[in-house]
Amino acid sequence: MSDKANYVRRLGDNALILSQRLSEWCGKGPALEEDMALTNVALDLIGQARMWLTYAGELEGKGRTEDQLAYLRDAHQFNNLLLVEQPNGNYADTLVRQFFFDVWHYFMLEALCSSSDARIAEIAQKSIKEVTYHVRRSADLVVRLGDGTDMSHKMMQQSIDRLWMYTGEMFAADALDAAMSDQGIAPNLSGLQEKWLQHVEEALAEATLQSPAAGAWMQSGGKQGRHSEHLGYLLAEMQFLQRAYPGASW
Amino acid sequence: MSNEWPLWEVFIRSQHGLAHKHVGSIHAPDGEMAINNARDVYTRRNEGVGIWVVRAADIVSSSPGDKVPLFEPANNKVYRHPTFFPMPEEVKNL
């Protein structure tokens, strides 16, 4: 049971941390419409994070609520992918990060819709409606900017090259992934990787962008609680209120 | 940027509405992105089931100066208004 709790919490952590990152764009987007779109995605993800973390708290059985899980854990107790905690950088960085994640997220949720755990399947079915739009939007923008001006093309390529090393972790199955896959609760990650690569490479080709070489070195550790230095700063900001005023509510 | 992104007028058909209603405008480089942008700006709370976007430049509008010739004739011809017909009891709320 604690395995399942940890696994569900990972899903929640991905959505929570990426949502927090996207929220940082609020009021700073490159156009009003983009600003709204990014914060819409952030709100979708925070909604999903709430469902996952609430369920994770129930499975854990220690009475921890979604709020306690979100605001009272330290960086080493978070199990999100390293990709989602990367800084927003420029707009290309944010967009490429989003695209890589959205494609993974879509195929992940698609598989989780038929999870042997009814509650996981239910949350996935609700989430995939939102994520279908996320992935459509980010793929569209990757193509537009990759196949745009010389400057936008160059920036997109730089972002792809910078973030590529964080994509391997999405498919590097550890003992927990294997256990969940064996129980029919979660998909086999290698099958997911083929779908992801195919989708991403098609979009990059259409965008006239280069896919990094197969077999490139990949960074990992996020799922096991070993994070980049960025997460600590993100949490310091996100958790300030609950840390300074424990139990504050409004 | 706004000189590269034309203005689009957005019409949304609401959940229970029969007709698309004008809800506002957005900027976008083309129709596909205009639909996406309209969705993100104007349908955040399940407002709609259908979106139309039209380039603002393609809309022809009556001018305020035309108000009298266009709309006045209707007001001073009582026979244009069907107010002289007794309605049968069976027909309600017409």
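**Figure 1. B:Asp30, a partly exposed residue with a relative accessible area of 26%, in a salt bridge with A:Arg144.** The view is taken from a predicted model. Between the side chains of B:Asp30 and A:Arg144, the N to O distance is 2.9 Å. B:Asp30 belongs to the loop between β2 (20-27) and α1 (31-42) of chain B, whereas A:Arg144 is part of helix α6 of chain A, so the salt bridge joins two chains. A:Arg144 likewise counts as partly exposed, at 21% relative accessibility.

**Figure 2. The surroundings of A:Arg137 in helix α6 of chain A.** Helix α6 spans residues 118-146. A:Arg137 has a relative accessibility of 6% and therefore counts as buried. When neighbours within four places in sequence are left aside, A:Arg137 is in contact with A:Glu34, A:Ala37, A:Leu38 and A:Tyr91 from chain A, and with B:Asn36 and B:Asp40 from chain B.

**Figure 3. The salt bridge between A:Arg10 and A:Asp177.** The closest N and O atoms of this pair are 3.5 Å apart. A:Arg10 is located in helix α1 (residues 2-23) of chain A and A:Asp177 in helix α8 (residues 175-182) of chain A, so the pair ties together parts separated by 167 residues in sequence. Both partners count as buried: A:Arg10 has a relative accessibility of 8%, and A:Asp177 one of 5%. A network of salt bridges links A:Arg10 and A:Asp177 with A:Asp174 and A:Lys223. Over all chains, the count of salt bridges comes to 18.

**Figure 4. The salt bridge between A:Glu110 and A:Lys195.** In this pair the closest N and O atoms lie 3.5 Å apart. Distant parts of the chain are linked here, with A:Glu110 in helix α5 (residues 91-112) of chain A and A:Lys195 in helix α9 of chain A, 85 residues apart. A:Glu110 is partly exposed, its relative accessible area being 32%. A:Lys195 also counts as partly exposed, at 40% relative accessibility.

**Figure 5. A patch of negative charge on the surface, formed by A:Asp147, A:Glu201, A:Glu202 and A:Glu206.** One of these residues, A:Glu206, is placed in helix α9 of chain A, which covers residues 189-206. The relative accessible area of A:Glu206 is 55%, and this residue is exposed.

**Figure 6. The loop residue A:Thr208 and its positive phi.** A:Thr208 is found in the loop between α9 and α10 (230-238) of chain A. Its phi is about 60°, although A:Thr208 is not a glycine. Most residues other than glycine have a negative phi. A:Thr208 is partly exposed, with 39% relative accessible area.

**Figure 7. A nonpolar patch on the surface of chain A, made up of A:Phe240, A:Leu241, A:Tyr245 and A:Trp250.** Together these four residues have about 570 Å² of accessible area. A:Trp250 lies in the segment after α11 (240-244) of chain A. This tryptophan, A:Trp250, is exposed, with a relative accessible area of 86%.

**Figure 8. The separation of A:Glu58 and A:Gln242.** A:Glu58 is situated in helix α2 (residues 32-60) of chain A. At 47% relative accessibility, this glutamate counts as partly exposed. A:Glu58 and A:Gln242 are 184 residues apart along the chain, and their C-alpha atoms are separated by 21 Å.

**Figure 9. The elements of chain B, with 2 helices and 3 strands.** Along the sequence, the pattern in chain B reads β-β-α-β-α. Chain B has 94 residues, of which 21% are buried. Among the contacts in chain B with a separation of 6 or more, 45% are made by residues 24 or more positions apart. The accessible surface of chain B is about 7200 Å², and carbon and sulfur atoms account for 56% of that area.

How values were computed. Residues numbered from 1 in each chain as written. Chains lettered and ligands numbered in written order. Predicted model: local features only at pLDDT ≥ 70, side-chain atom pairs only at ≥ 80, totals over all residues. Heavy atoms only, no water. Patch = residues over 30% accessible without salt bridge, like charges linked within 9 Å, V, L, I, M, F, W, Y side chains within 5 Å. Areas by Shrake-Rupley, 256 points an atom, 1.4 Å probe, with all protein chains shown as cover. Lys, Arg positive; Asp, Glu negative; His and termini not counted. Charge placed at Lys NZ, Arg CZ, Asp CG, Glu CD. Helix = DSSP H or I, 4+ residues; strand = E, 2+ residues; numbered from the N terminus. Buried < 20%, exposed > 50% of the residue type's maximum accessible area, 1.4 Å probe, protein only. Contact = heavy atoms within 4.5 Å.
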